[in-house]
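Open the model in your viewer and keep the sequence panel visible. The tour below goes from one selection to the next.

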Amino acid sequence: MKKGFTLIELLGVIVILGIVSTIAVASYISYRNDVIEEYYEKAEKTMKASSESLLTYCQNSVLGESYCLDIPKIGASVVVSLSTLTDHKFMNEIFDQKTNKKCTGEIKITNNTPTHSDYQGLNQKLEYKVCLRCDNHKSSGC
């Protein structure tokens with residue numbers, strides 16, 4: 001009586017390992033793509049929060065920094081670049097998750113305050129439209 005595995009048994013194990021490996025790789029790729037997409041979503045939220053901080057800082061600053069901007073007039077817009085936010089330390093730089101190159105972008109701030117309202121200063125209804133551009137990602141606000 002010979003000891004060992006038959007060729008059919010070995011082929012069966014190889015086929016099963018191939019199926020399990022295929023499922024594992026597909027699951028990993030899907031998970032990685034979800035994590036990358038979540039990174040970009042959080043980066044866009046950070047851009048919005050940083051531009052809000054910039055506006056607040058500029059409204060309260062007495063130093064008159066050249067990068068400061070006023071709240072746009074009703075119906076008007078201003079654009080804040082991602083480089084302005086990173087250069088003046090309102091946020092860290094954002095990098096593409098696949099190529100590791102620096103991303104670019106801007107935030108368009110529009111004043112949607114009703115014409116006849118009592119809203120003033122930072123209490124006005126401001127809309128922030130974020131545009132983040134990386135090698136492998138472009139936000140819907142672009």
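How far apart should the ends of α1 be, given its 54 residues at 1.5 Å a residue, and what do the end C-alpha atoms show? The model is a predicted one. The expected span of α1 is 80 Å and the end C-alpha atoms are 79 Å apart, so the two figures agree.

**Stop 1: the helix α1**

Select residues 7–60, which make up helix α1. This helix lies across β1, β2, β3 and β4, and runs at about 135° to β3. Now colour its buried residues: Ile 36, Tyr 40, Ala 43, Glu 44, Met 47, Ser 50, Ser 51, Leu 54, Leu 55 and Cys 58. Which elements cover the buried residues of α1? The cover includes β1, α2, β2, β3 and β4.

**Stop 2: the sheet**

Next, show the strands. Four of them form an open sheet in the order β1-β2-β3-β4, and the pairing is antiparallel. The edges are β1 (77–81) and β4 (137–138), each of which pairs on one side only.

Go to the β2 and β3 pair. Strand β3 covers residues 126–134, and eight bridges hold it to β2 in the antiparallel sense. To see one of the bridge partners, select Glu 106 together with Cys 131 in β3.

Move on to β3 and β4. They also run antiparallel, joined by two bridges. The two strands make a hairpin, with two residues between them. Here Arg 133 stands opposite Lys 138 of β4.

**Stop 3: the nonpolar core**

Which residues have the most contacts inside the largest nonpolar core? Select Met 47, Leu 54, Leu 55, Ile 94, Ile 107, Ile 109 and Leu 132; the core as a whole has 23 residues. At least two residues of this core come from each of α1, α2, β2 and β3. The most come from α1, which gives seven.

Centre the view on Leu 54. Apart from neighbours within four places in sequence, Leu 54 is in contact with Tyr 67, Leu 69, Val 80, Leu 85 and Phe 90.

**Stop 4: aromatic rings**

Show the aromatic side chains. A search of the whole structure gives three aromatic pairs. One of them is formed by Tyr 39 and Tyr 40: the ring centres are 5.4 Å apart and the planes are at 65°, so this pair counts as edge-to-face. Is Tyr 40 buried or exposed? Tyr 40 has a relative accessibility of 2% and therefore counts as buried. Tyr 39 is partly exposed, with a relative accessible area of 28%.

Then select Tyr 57 and Phe 90. This aromatic pair is edge-to-face too, at 5.9 Å centre to centre with 70° between the planes. Tyr 57 belongs to helix α1 and Phe 90 to the loop between α2 and β2, so the pair ties together parts that are 33 residues apart in sequence. The relative accessible area of Tyr 57 is 31%, so Tyr 57 is partly exposed. Add Tyr 67 to the selection: Tyr 57, Tyr 67 and Phe 90 form one aromatic cluster.

**Stop 5: Thr 46 and Asn 92**

Return to helix α1 and pick Thr 46, which lies in it. Thr 46 is partly exposed, at a relative accessible area of 37%. Draw a C-alpha to C-alpha distance from Thr 46 to Asn 92: it is 9.3 Å, for two residues that are 46 residues apart in sequence.

**Stop 6: two positive phi values**

Finally, select Lys 89 and Asn 100. Lys 89 sits in the loop between α2 (82–87) and β2 (104–111), and Asn 100 is found in the loop between α2 and β2. What is the phi of Lys 89? It is near 65°, a positive value in a residue other than glycine. Phi of Asn 100 is likewise near 65° and positive. These angles merit a look because most residues other than glycine have a negative phi.

Turn on the surface to check both sites. Lys 89 counts as exposed because its relative accessibility is 72%, and Asn 100 is exposed as well, with a relative accessible area of 59%.

Definitions and conventions
Residues are numbered from 1 along each chain as its sequence is written. Side-chain values use heavy atoms; hydrogens and water are left out. Helices (H or I, at least four residues) and strands (E, at least two) are DSSP runs, numbered from the N terminus. Buried means under 20% relative accessible area, exposed over 50%, partly exposed in between (1.4 Å probe, protein chains only). Two strands pair if DSSP finds at least two bridges between them. Contact means heavy atoms within 4.5 Å. Axes are lines fitted to C-alpha atoms, for helices over the stretch in contact, and angles run from 0 to 180 degrees between N-to-C directions. The expected span of a helix is 1.5 Å times one less than its number of residues. Rings of Phe, Tyr and Trp (its six-membered ring) pair if their centres lie within 6.5 Å; planes under 30 degrees apart count as stacked, over 60 as edge-to-face and the rest as tilted. A nonpolar core is a set of buried Ala, Val, Leu, Ile, Met, Phe, Trp, Tyr and Cys residues joined through side-chain atoms within 4.5 Å.
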